[in-house]
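Subject: A structure for you to look at

Hi,

Here is the structure I promised to hand over. Have a look at it first, then read on for what I found in it.

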Amino acid sequence: MTVPLPPPNRIYLLRHAEAAWAEPGQRDFDRPLNEKGFGDAEIIADKAADKGYRPDLLISSTALRCRDTADAVYRAIGLSLEVRYVDALYNATVDNYIEIVDSQEVAAVMLVGHNPTMEQALEVLIGHEAMVRALPGGFPTAGLAVVDYDASATAWRLTDFVVV
């Protein structure tokens, strides 16, 4: 697996907010956010907007809980945000996440996806030790990692981690 080189120069990794438990007969894919999740998605989206975090492109898993989370970001950042829903982000490998990021020709891209793949993508970008220091308890729901490319070090670094 290769670590992507710019563009993009900034990658936002947003784990979907807390989802409801599946109802009998309901597919995992169709689980919406629960009440707390809807609130957390709005809070994290507002925090990101308040910090000036504005991706050029938002790419979300097509799973309902990710679409719900992406919708909150879209409302907070504004109608100019391009949003794409990609089936390949659901049940994807970390290689899929990195390939999707690496194929973008924009300065800043946001992925809205699932764990454990979100945590694994962050680890690939910034390294195991930096990831463990930053997230000793793992990648929380509605957590937003802001990762920037440091050209002087030719490496990715975690700039911020925003939580509810």
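**A good place to start: alanine 142**

Alanine 142 is buried, with a relative accessible area of 1%. Keep in mind that this is a predicted model. You'll find alanine 142 in the loop between helix H5 (128-134) and S5. Skipping residues up to four places away in sequence, alanine 142 touches Leu14, Arg15, His16, Ala17, Asp40, Ile44, Val162 and Val164.

One of those contacts, His16, deserves a closer look. Along the sequence, alanine 142 and histidine 16 are 126 residues apart, yet their C-alpha atoms lie 5.3 Å apart in space. Histidine 16 sits in the loop between S1 and H1. Is histidine 16 buried or exposed? With a relative accessible area of 6%, histidine 16 is buried, since anything under 20% counts as buried. Leaving out neighbours within four places in sequence, the contacts of histidine 16 are Arg65, Cys66, Thr69, Gly113, His114, Thr141 and Ala142.

**The sheet**

Now zoom out to the strands. In what order do the six strands of the open sheet come? The order is S3-S2-S4-S1-S5-S6, and the pairing is mixed. S3 and strand S6 (155-162) are at the edges with a single partner strand each, so one side of each has no neighbour in the sheet. On average, neighbouring strands here are turned by 20° against each other, if you ignore direction.

In case the terms are new to you: strands of a sheet pair through backbone hydrogen bonds, either parallel or antiparallel. You can see both kinds here:

- S1 and S4 are a parallel pair with six bridges, and isoleucine 11 stands opposite valine 109 in S4.
- S1 and S5 run antiparallel and are joined by five bridges; the bridge partner of leucine 13 is alanine 145 in S5.
- S5 and S6 also run antiparallel, with seven bridges joining them. Across that pair, aspartate 148 stands opposite arginine 157 in S6.

Strand S5 (residues 144-150) is mostly covered, with six of its seven residues buried.

**The turn between S5 and S6**

S5 and S6 make a hairpin with four residues between the strands, and threonine 154 takes a positive phi near 45° there. Threonine 154 belongs to the loop between S5 and S6. Is threonine 154 buried or exposed? Threonine 154 is exposed, at a relative accessible area of 56%, given that the cut-off for exposed is over 50%. Try finding leucine 5 as well: the C-alpha atoms of threonine 154 and leucine 5 are separated by 8.5 Å, although the two residues are 149 apart along the chain.

**Helix H3 and what it packs on**

Which residues of helix H3 (residues 94-102) are buried? They are Val94, Tyr97, Ile98, Ile100 and Val101. These five cover an arc of only 160° around the axis, which puts them on the same side of H3. Here's the background: an α-helix has 3.6 residues a turn, so residues three or four places apart point the same way.

The buried residues of H3 pack against strand S1 (10-15), strand S2 (57-61), strand S3 (82-86), strand S4 (108-113) and helix H4 (117-126).

As for the two helices, H3 and H4 pack at an angle of about 60° with their axes 9 Å apart, and their crossing is right-handed. From H3, Val94, Tyr97 and Ile98 make the contact, meeting Thr117, Met118, Gln120, Ala121, Val124 and Leu125 of H4. By class, the residues in this contact of H3 with H4 are seven nonpolar, two polar and no charged.

**Another helix pair: H1 and H2**

Helix H1 (residues 35-50) packs against helix H2 (residues 64-77) at an angle of about 40°, and their axes are 8 Å apart. H1 passes H2 in a right-handed crossing. On the H1 side you have Phe38, Ala41, Glu42, Ala45, Asp46 and Ala49, and they meet Asp68, Thr69, Ala72, Val73, Arg75, Ala76 and Ile77 in H2. The contact of H1 with H2 is made up of eight nonpolar, one polar and four charged residues. Put that next to the contact of H3 with H4, with its seven nonpolar, two polar and no charged residues.

Have fun turning it around on your screen!

Key: Residues are numbered from 1 along each chain as its sequence is written. This is a predicted model: local features need pLDDT of at least 70, side-chain atom pairs count only at pLDDT 80 or more; totals for chains, interfaces and linings use all residues. Side-chain values use heavy atoms; hydrogens and water are left out. Axes are lines fitted to C-alpha atoms, for helices over the stretch in contact, and angles run from 0 to 180 degrees between N-to-C directions. A crossing is left-handed if the near helix is turned anticlockwise from the far one by less than a right angle, and right-handed if clockwise. Contact means heavy atoms within 4.5 Å. Ala, Val, Leu, Ile, Met, Phe, Trp, Tyr, Cys and Pro count as nonpolar, Asp, Glu, Lys and Arg as charged, and the others, Gly among them, as polar. Buried means under 20% relative accessible area, exposed over 50%, partly exposed in between (1.4 Å probe, protein chains only). The arc is that of the directions from the helix axis to the C-beta atoms. Two strands pair if DSSP finds at least two bridges between them.
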